[in-house]
Amino acid sequence: KMALSTRTFSDIDVDFMPNPITSDILKKTNENAIAQSIGNLLQTSHYERLFNPELGCNLKRYLFEPIDNITTNNIIEEITKTIVNYETRVQLLDVTANPDYDKNGYDVSIKFIIRNDPQPITITFFLERVR
């Protein structure tokens, strides 16, 4: 009988909050670290990283387009492509984007599993243009 190996993923908290006891920067682990990584990827535009210009996602370009099925599908495809290409620690299960015409944005939901962990995780956020 083989034991399934579990791996812990960790990263620094990008809020740079200090540990109240040690004053070290707090770290995020497992699904919190991966959710933070996905958020960073989706907020990074292409050519923002000097030595890795293709890293990131071009979501900002769709936020000034009309809210319709074509733009919605483009957003879903862009998110899917970015996660599949750059976040290899997860297996993507589903990406949905629902237009919210009153708020002029999209309710986005990303469902994935961390490799070697059967528990699905869902990240939800509202995607809107910022002035």
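**Reading a predicted model: loops, a helix face and a core**

Student: Let's start with Y47. Is Y47 buried or exposed?

Tutor: Y47 is exposed, with a relative accessible area of 63%. The cut-off for that word is over 50%. Do keep in mind that this is a predicted model.

Student: Where is Y47 found, and what is its phi near?

Tutor: Y47 sits in the loop between α1 and α2. Its phi is near 70°, a positive value in a residue other than glycine.

Student: Which residue in the hairpin of β3 and β4 takes a positive phi?

Tutor: That is N104, with a phi of about 55° although it is not a glycine. The hairpin has 4 residues between its strands, and N104 belongs to that loop between β3 and β4. At 34% relative accessibility, N104 counts as partly exposed.

Student: How do the strands on either side pair?

Tutor: β3 and β4 run antiparallel, joined by 10 bridges. One place to look is P99, which stands opposite Y106 in β4.

Student: Now to helix α2. What should its 18 residues span?

Tutor: Begin with the rise of 1.5 Å a residue: residues 69–86 should then span 26 Å, and the end C-alpha atoms of α2 are 26 Å apart, which agrees. At the start of this helix, a side-chain oxygen of D68 comes to within 3.3 Å of the backbone nitrogen of I70.

Student: How should I read the faces of a helix?

Tutor: The general idea is that an α-helix has 3.6 residues a turn, so residues three or four places apart point the same way. In α2, the buried residues are T71, T72, I75, E78, I79, T82 and I83. Seen down the helix axis, they fall within an arc of 125°, so they line one face. On the other side, N69, I70, E77 and V84 are exposed.

Student: Which elements do the buried residues of α2 pack against?

Tutor: They pack against α1 (30–43), β3 (90–100), β4 (105–114) and β5 (120–128).

Student: And which residues of the largest nonpolar core touch the most other members?

Tutor: Of its 24 residues, those are I38, I75, I79, I110 and F112. At least two residues of this core come from each of α1, α2, β3, β4 and β5, and β4 gives the most, with 5 residues. Try I79 on your screen: leaving out residues up to four places away in sequence, I79 touches L42, C57, L59, V95, V108 and I110.

Student: Just past α2 there is E87. Is E87 buried or exposed?

Tutor: At 3% relative accessibility, E87 counts as buried; the cut-off here is under 20%. E87 lies in the loop between α2 and β3. For a polar side chain in such a place, look for a partner: the side chain of E87 makes a polar contact with the side chain of S37 (2.6 Å). Beyond its neighbours within four places in sequence, E87 is in contact with I34, S37, I38, L41 and T82.

Student: One more, please. How many residues separate K111 and L92 in sequence?

Tutor: They are 19 residues apart in sequence, and their C-alpha atoms are 6.4 Å apart in space. K111 lies in strand β4 and is partly exposed, with a relative accessible area of 35%. Setting aside neighbours within four places in sequence, the contacts of K111 are L92, L93, D94, P120, I121 and T122.

Terms used. Residues numbered from 1 in each chain as written. Predicted model: local features only at pLDDT ≥ 70, side-chain atom pairs only at ≥ 80, totals over all residues. Heavy atoms only, no water. Expected span 1.5 Å × (residues − 1). Buried < 20%, exposed > 50% of the residue type's maximum accessible area, 1.4 Å probe, protein only. Arc of directions from axis to C-beta. Contact = heavy atoms within 4.5 Å. Polar contact = N/O pair within 3.5 Å; in protein donor to acceptor, adjacent residues only side chain to side chain. Pairing = 2+ DSSP bridges. Core = buried A, V, L, I, M, F, W, Y, C linked by side-chain atoms within 4.5 Å.
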